[in-house]
Amino acid sequence: MGVYLHRNGRLTGFYLLHYAAVPQKRPLRSQYVVPSAALVEDHVFDEIPEVETWKPAVTYRYEGGSHVFDEIPGIETWKPAVTYRYRREDRSHMFNENPVVETWKPAVRHACGERSKRRLFSLLVRVLKSLNWEVAWRIRFQRIVNEHEFKYSAFVLRTLVHVFAVAGMRLEVYALLRDMVCYLKEFNVDMVELTDFLLRRPADVVGVAVIYNVLIKVFAANSMLKDAKFLFSEGTKIGLEPDVYSSNFLLKCSVEADREVAEKLFDIMKDRGPAPNARTYTIMLNSLSKLNLSKDVFQSKALAILEDMNEKGISCTVVTHGTLLCGLCKVGATGVALDLIRKCQKEGLVLNNYCYNAVIYGFCQNGQLSEALGVLEEMQSYGVFPDVYSYSILIDGFCKKGDVEKSLSLFHEMEVFNIRPTIVSYSSLCHGLCKAGLMELSHGFFRDSGYRGIEYDNIAYDILIDGFLNQGHVSSANRLFQEMINHNVHPCASTFRNMISGFCQYCREGNSEEALKLDQDIFRTSYMFTTAIRRLCKEGKPEKAWELLAPMLKKNIFPDIVMCSILMHGFAKSSKLKVARKLYGKMLKAGIMPDMVMNTILINILFCEGRVDKAYTLFMEMDKGLPPDVKCYTSVLAGFCRLGDIKMAWALFRRMLRKGVLPSVFTFTSVIDGFSKNRRLDLAERLFLVMKSVGVDPDVATYNVLVSAYHRTGNMKKKEEMLLEMQKNGLETVQRMRE
């Protein structure tokens, strides 16, 4: 009796899939090889005697096309209708019917199909007689579909799958099914018809059961959970029961995709079967630790799972205990985890390094290093020897605390117990030594790891580079950086930030020339160049910043609007207004459109040059297309105030309010200063009241402007009132303001 998954699933219906599943031309997909664990030497034999030698394969060429293929190399050569010769002299059996190379024409397509079938099924016979996985794996589904008809290819694969399934070779069954499923998945083929086709084999109960369970795994592993769940639920209706291994695999994949679906699947397993085992409950415990639950919620849910296991008579394995301990430490219940370990020890349950390491890590994360050391000693007393992870966790914890001596002691203890440190162990120790300022010792351990054959990673380099830069050894950091590049270790973002920091540190110390002589490979992005240019301009060295443009352009990194704005502002602050305006013109010629920031800088430059008309014209043009922000308004207001044009400044200030642009404290201070210097204290006081009414708190500069104005006019009473108000608002006054 056959197996059917739905009433419309007929074998002929599956043949219709080949119209969608056989492309005309399609590049080969990447394949994965699963080595056989079931092949036994005396079980593998070759049907072809060694005394026979088959001639090289014939290449068939189609007229009018470019389809050229050869047969399977390295196994045997199938060459129908071609001369076969045996090497033994006493063999006289030889025949020759056709020439060595045949030309296939459309008129003989039926003969081609017959030869193709003979080659395919002859190869199938060889696999069936030998169960040789190396031969079977060469029958890739995409290849045989391209070279033979789809229906024959499907029959061959189904036969192979059933034979390997009956032989109990599950790895081979998995590989063959994945090959076929992945191929059909690309063409959106309905997998229900595929399962119907594969499971319809009368009198093959053992093979069908194996294929059913393996197919669930194939669907789940290839993110086809919908098909896997359908097959899981429909199997019971057709007399097939999923085993606990395939069910656990489906549960694990479901937990990673959708926990709610996984919980439903878990309930089905408890109600209908297959009965959950320790692995099933371990998967559910592991999923709890990934939900970011609170300590109490996690403990209650984990306790419910353990009680369920106890009721069903399922004992916890060492993996279950390790998963539970890791989850407890993750939610901060490290003390509870330690109590659980001690309880397991009293009951004589087996624990491994993973269980103890989870608790050690939990204590180190909480800064409880003495408790972590106690767990290390406790695990040794119970016969569980610490591994490299145990020591690496402790070394990292003590280094972060600043206890370098204890870290060195633990590192040497590793060597005494013949535990080989990893790059993580060395990196943690080097980081602690760098923080302590022991750069020579840290560099020595770094080199020692290389002498022991441990490959450096970007984190190890980054730790040393950062340590040298913090000590001011920029040249040493640069040499390490170049070594990193030469060894094909890709720097991370932190390494670039540290290197640019060192470059700027050189500049701050007045070593701009030396800094520019450093290898420019540290500047690999526009961000790095922009950071260096900003720092140089801030220190009043825009010419040095300009020199960075040449190496930047050599690396095909072109200046953007941000970089140009920084350079313009730097030249403007250095009173090189003409150079700044020339840079603006070059930027326009290069096709870089100015933004709000750049136009504001240009307006400031024009006001400083006394070109008020051009500045105001640019401002009005911005108002038409690019509405000015508070900084732009402040620049124009400050410009008019410096020139003494109070009327224009007041009109512009009122316009700013009408446009809905809220003035900043700097805006108010600039206008108040302009009014007070032009003997309009009445407007200055009025604006000061408006400032407080709109919720903008005056700062020290604002009070300083008014105190100075009252002092100039001789109004000492108002001056004292302002000073008292400053003190009331928590602003410090200086003696100069009182005088």
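This is a short talk about a few residues and the cysteines in the structure above.

Hi everyone, a word on the ground rules before we start. This is a predicted model, where local features need pLDDT of at least 70, side-chain atom pairs count only at pLDDT 80 or more, and totals for chains, interfaces and linings use all residues. Residues are numbered from 1 along each chain as its sequence is written, and side-chain values use heavy atoms, with hydrogens and water left out.

Let's begin with the cysteines. How many disulfides does the structure hold? Zero, where a disulfide is a pair of cysteine sulfur atoms within 2.5 Å. Take C434: its closest cysteine sulfur is in C430, 6.3 Å away, so that is too far for a bond. C434 counts as buried because its relative accessibility is 11%; buried means under 20% relative accessible area, exposed over 50%, and partly exposed in between, with a 1.4 Å probe and protein chains only. C608, by contrast, counts as exposed, at 53%.

Next, please find N222. You'll see N222 in the loop between α9 (205–221) and α10 (225–235); helices here are DSSP runs of H or I, at least four residues, numbered from the N terminus. With a relative accessible area of 17%, N222 is buried. Which residues does N222 touch, leaving out those up to four places away in sequence? They are R178, C182 and K185, with contact meaning heavy atoms within 4.5 Å.

Last stop, G639. This glycine sits in helix α34, residues 630–643, and is buried at 1% relative accessibility. Its C-alpha atom is 8.2 Å from that of V612, and the two residues are 27 apart along the chain.

Thanks for listening!

How values were computed. Helix = DSSP H or I, 4+ residues; strand = E, 2+ residues; numbered from the N terminus.
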